Structures are given as structure tokens and as C-alpha cells.
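Welcome, and please get your viewer ready for a short walk. Each stop tells you what to select and what you will find there.

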Amino acid sequence: MIHKAYRELICGALYFACRSCEYTKTRGSRKTKLLTLRDIRFYYKNKELKKIGKQRHLILHATAVTITFVRTKTNEKEVPITQHRSGTDICPVLAWGSLVYRITSYKNSHLDLPVNTFKPSKNAPLYFITQKEILQHIQSTVSSIGKDKLGFTADEVGTHSIRSSFAMQLYLQNESVYTIMLQGRWKSDSFLLYIRKQVLEFGKNLSHKIAHAKEEFYTVPK
């Protein structure tokens, strides 16, 4: 069950470009506030769904999820970000819906519980998933897939890889820099520092465009 909780956190964090301190227990003090169940809202079309009570199972059928980041690293407050169903198993609505449904099923649960809450067994005390655990899970997954397929090894990734993967995936899909900044809560285009220039996909169609360039260009003399 703990690995399912890891997957929920990682998938949910990916779609919202979360920093590790926003979804796990980390060391030291941070400006950023750890997300709680209260910060997550689910919608079916335009109707908000209840996270507690007899109808809470409906969140698993939501069409969108909104997370309000109460306090961010850049000192912004009450920043709502929305993601819709992806249409695949790797889905922000399904990940956060499953996570919230699981935590609200614990005895005496409440909306102020953090999103990294886990209960190992019925009679066990609540446990809070750490950044170190998520790191180990990511590195273990990378090792199992292998360098031949990924092009990098486990020691080259960390929890911040989730945030950089968000930027990379959208950039490869030709999403606008402005959209990436808004959704990832970047105040500038600094996320471009995460873009791995050696990714093969960046070269797609470039040779074709260069070879078939039709317009002549004139260089202004010095």
C-alpha cells in the first residue's frame, strides 16, 4: 500500500510542478507550506464535490482538480492551479482523487491532514511520507527501467526531477513559455534552466526545416 501512496504523490506532484516540501516531510524550515486536504478541490464540470461525507466517492469521478498553494517559495499567497482529466491512467484528477479518498477513509481524519499522510494498518498511528522515501522510490524506478532506455542513471535524478519533468514535457509539446510559467508558478523563464539540451526530441524536424528553407535573408552590413 505504501508504494501506491508514493505513486499518488509523485503523479499528483508532476502535474502541478510541486516542490518536494509541498507534498512531503522535509528537513529544515521552508517558506512553502505543505499541502493539506483542505487545499485540494474537485469539480464535476462546474460543480464542486465534497471531500468528506457519504458522497465523497464522487471525487473519483471528478472532471477537474484545483490546488490552492497557500504560500509559495516566491512569497505568493493563495495561488489556485487547475488541471483536468488527462484521459489516461496517468491523470492528475485520478491521482489526487485516490489520495484524498484514501486519507479521508482513515478513522478520525480531517481536512487539515497533510497530503503525505499514510496509515500502515487499521490500528497503526498516522505516518507522514518523507522526501527521502520519495527520492528512493524515484531512483529505484529509474534503475529498474535502465540507462539504455532513459539515457541517465538513478544518481542523476532527485525529487526536483518531478518539477523539471513538468517543464520538459510541456516544452517538448510546444506549449508556450507563458503557460508553463503560470502552471508551474515560475515568476520568470528560469525554468528553461531545467531543459536538457541533449534530449533527442529537440532535433526533430530541424534538419527538414533547414534544408527546405525557402526565404532568402539579408545580413545588414556592419
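In this predicted model, start by selecting strand E1, residues 40-44, together with strand E3, residues 64-71. The two run antiparallel and are joined by 4 bridges. Zoom in on Arg 41, and you will find Thr 66 as its bridge partner in E3.

Next, add strand E2, residues 47-49, which runs antiparallel to E1 and is linked to it by 3 bridges. Now centre on Phe 42. Which residue of E2 does Phe 42 stand opposite? That is Leu 49, while in E3 Phe 42 stands opposite Val 65. Between E1 and E2, the hairpin has 2 residues, and here Lys 45 takes a positive phi near 60°.

Now show the whole sheet. Its 4 strands follow the order E2-E1-E3-E4, pair antiparallel and form an open sheet. E2 and strand E4 (77-84) each have a single partner strand, so these edge strands are left with one side lacking a neighbour in the sheet. On average, neighbouring strands here are turned by 30° against each other, direction ignored.

Keep the sheet on screen and add helix H3, residues 92-104. H3 packs on the sheet, where it touches E1, E3 and E4, and its direction makes about 120° with that of E1.

For the last stop, select helix H7, residues 177-184, and highlight its buried residues Ile 180, Met 181 and Gly 184. They lie on the same side of H7 because the arc they cover around the axis is only 100°. Show helix H6 (160-172) too, since the cover over these buried residues includes H6. Finally, step to Arg 185, which follows H7 and has a positive phi near 60°.

Conventions:
Residues numbered from 1 in each chain as written. Predicted model: local features only at pLDDT ≥ 70, side-chain atom pairs only at ≥ 80, totals over all residues. Heavy atoms only, no water. Pairing = 2+ DSSP bridges. Buried < 20%, exposed > 50% of the residue type's maximum accessible area, 1.4 Å probe, protein only. Arc of directions from axis to C-beta. Contact = heavy atoms within 4.5 Å. Axes fitted to C-alpha atoms, helices over the stretch in contact; angles between N-to-C directions.
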